Amino acid sequence: MFESPKLYNDSGFKKEVDAKEFITGFNGKTAKIVEVKKSKTKENAPLLFNLAEIQNECTKRFKIKPDETLAIIQELYEKKLVTYPRTDARVLSTAVAKVISKNLNGLAKGFKDEEISGYIKKMIDEKYSTNLLKTKYVNDSKITDHYAIIPTGEGFGNYDKLQELQKNVYKLIVKRFLAIFYPPAEFNKISVKVRNRERGIKHKRENLCKKGLFRNCKTKART
């Protein structure tokens, strides 16, 4: 059954009726576990936002069109809250990475938001490194004119004047930015193969054992 054309991958049926028929085949019969595999994996935060990426994310989260997202980020930029929005880069330049503590310190001191303050406090308390120079988030060769969209750590005098949707988009940018300083999420993975005389089945499961910041911010858990 592991190689059956009825499967869309090694653990899922294309049709519900085939899945139910297969499960029924185990009823009242003895089965044997023939293989158990355990492993651990890590998942780092994704790259930073460029314009296309944040437009996609805002469409999923807030159900708004790409041009609406651009208009919001353009206003955030004009109010000096975020960097230039019309960029295709998802990384920072070496020059910006060297002074990134300025952005972090600005957020820590100026952005009065309980959730974000909690994330920053955890970074400070657990002494997370802010040195990005040798990480995937810094790459001069992948930048044409402008680096990724990140919070400037400034402009907070304008924040309270924003509409709720604009605030939500700003916080989305802040969270993606802070996530790159957090350790990766860690998963325990287990794969079990069970077989009786007629058929076999594989079951896979991932358990999140340590959240990175990106995992805290996601709308859906990993399955």
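## Exercises on helices and salt bridges

Helix α7 has 16 residues and reaches 22 Å from its first C-alpha to its last, close to the 22 Å expected at 1.5 Å a residue. The expected span is 1.5 Å times one less than the number of residues. Helices here are DSSP runs (H or I, at least four residues), numbered from the N terminus.

This is a predicted model, in which local features need pLDDT of at least 70 and side-chain atom pairs count only at pLDDT 80 or more, while totals for chains, interfaces and linings use all residues. Residues are numbered from 1 along each chain as its sequence is written, and side-chain values use heavy atoms, with hydrogens and water left out.

**Exercise 1.** State how many residues of α7 are buried.

*Solution.*
- Buried means under 20% relative accessible area, exposed over 50%, and partly exposed in between (1.4 Å probe, protein chains only).
- By this criterion 13 of the 16 residues of α7 are buried, and the helix is mostly covered.

**Exercise 2.** Find the salt-bridge partner of Asp 113 in helix α7 and describe the place of both residues.

*Solution.*
- A salt bridge is a side-chain nitrogen of Lys or Arg within 4 Å of a carboxyl oxygen of Asp or Glu. The structure holds 10 of them.
- Asp 113 pairs with Lys 171, and their closest N and O atoms are 3.2 Å apart.
- Asp 113 lies in the loop between α5 (101–110) and α6 (114–125), and Lys 171 in α7 (residues 164–179), so the pair ties together parts that are 58 residues apart in sequence.
- Asp 113 is buried at 14% relative accessibility, and Lys 171 is buried at 16%.

**Exercise 3.** Analyse the salt bridges Glu 57 with Lys 60 and Lys 121 with Asp 125.

*Solution.*
- The N to O distance is 3.6 Å for Glu 57 and Lys 60.
- Glu 57 and Lys 60 are 3 residues apart in helix α2 (residues 51–62), which means a separation of about one helical turn.
- Glu 57 is buried, at 12% relative accessible area, whereas Lys 60 is exposed at 56%.
- For Lys 121 and Asp 125 the N to O distance is 2.6 Å.
- Lys 121 and Asp 125 stand 4 residues apart in α6, again about one helical turn. Asp 125 is partly exposed at 46% relative accessibility.
- Elsewhere, salt bridges with shared partners join Asp 113, Glu 115, Lys 171 and Lys 175 into one network.
- As background, an α-helix has 3.6 residues a turn, so residues three or four places apart point the same way.

**Exercise 4.** Characterise the packing of α2 against α3.

*Solution.*
- Axes are lines fitted to C-alpha atoms, for helices over the stretch in contact, with angles from 0 to 180 degrees between N-to-C directions.
- The axes of α2 and α3 (residues 66–78) come within 9 Å and cross at roughly 115 degrees.
- α2 is therefore roughly perpendicular to α3, a label that covers 65 to 115 degrees.
- The crossing is right-handed, meaning that the near helix is turned clockwise from the far one by less than a right angle.
- Contact (heavy atoms within 4.5 Å) is made by residues including Leu 51, Ile 54 and Cys 58 of α2 and Pro 66, Leu 70 and Ile 73 of α3.

**Exercise 5.** Describe the backbone angle phi and the surroundings of Lys 63 and Lys 80.

*Solution.*
- Phi of Lys 63 is near 60 degrees, a positive value in a residue other than glycine.
- Lys 63 sits in the loop between α2 and α3 and is exposed, at 69% relative accessible area.
- Phi of Lys 80 is near 65 degrees, likewise positive in a residue other than glycine.
- Lys 80 is placed in the loop between α3 and α4 (94–98) and is exposed at 54%.

Terms used
Helices (H or I, at least four residues) and strands (E, at least two) are DSSP runs, numbered from the N terminus. Angles under 35 degrees count as roughly parallel, over 145 as roughly antiparallel, 65 to 115 as roughly perpendicular and the rest as oblique.
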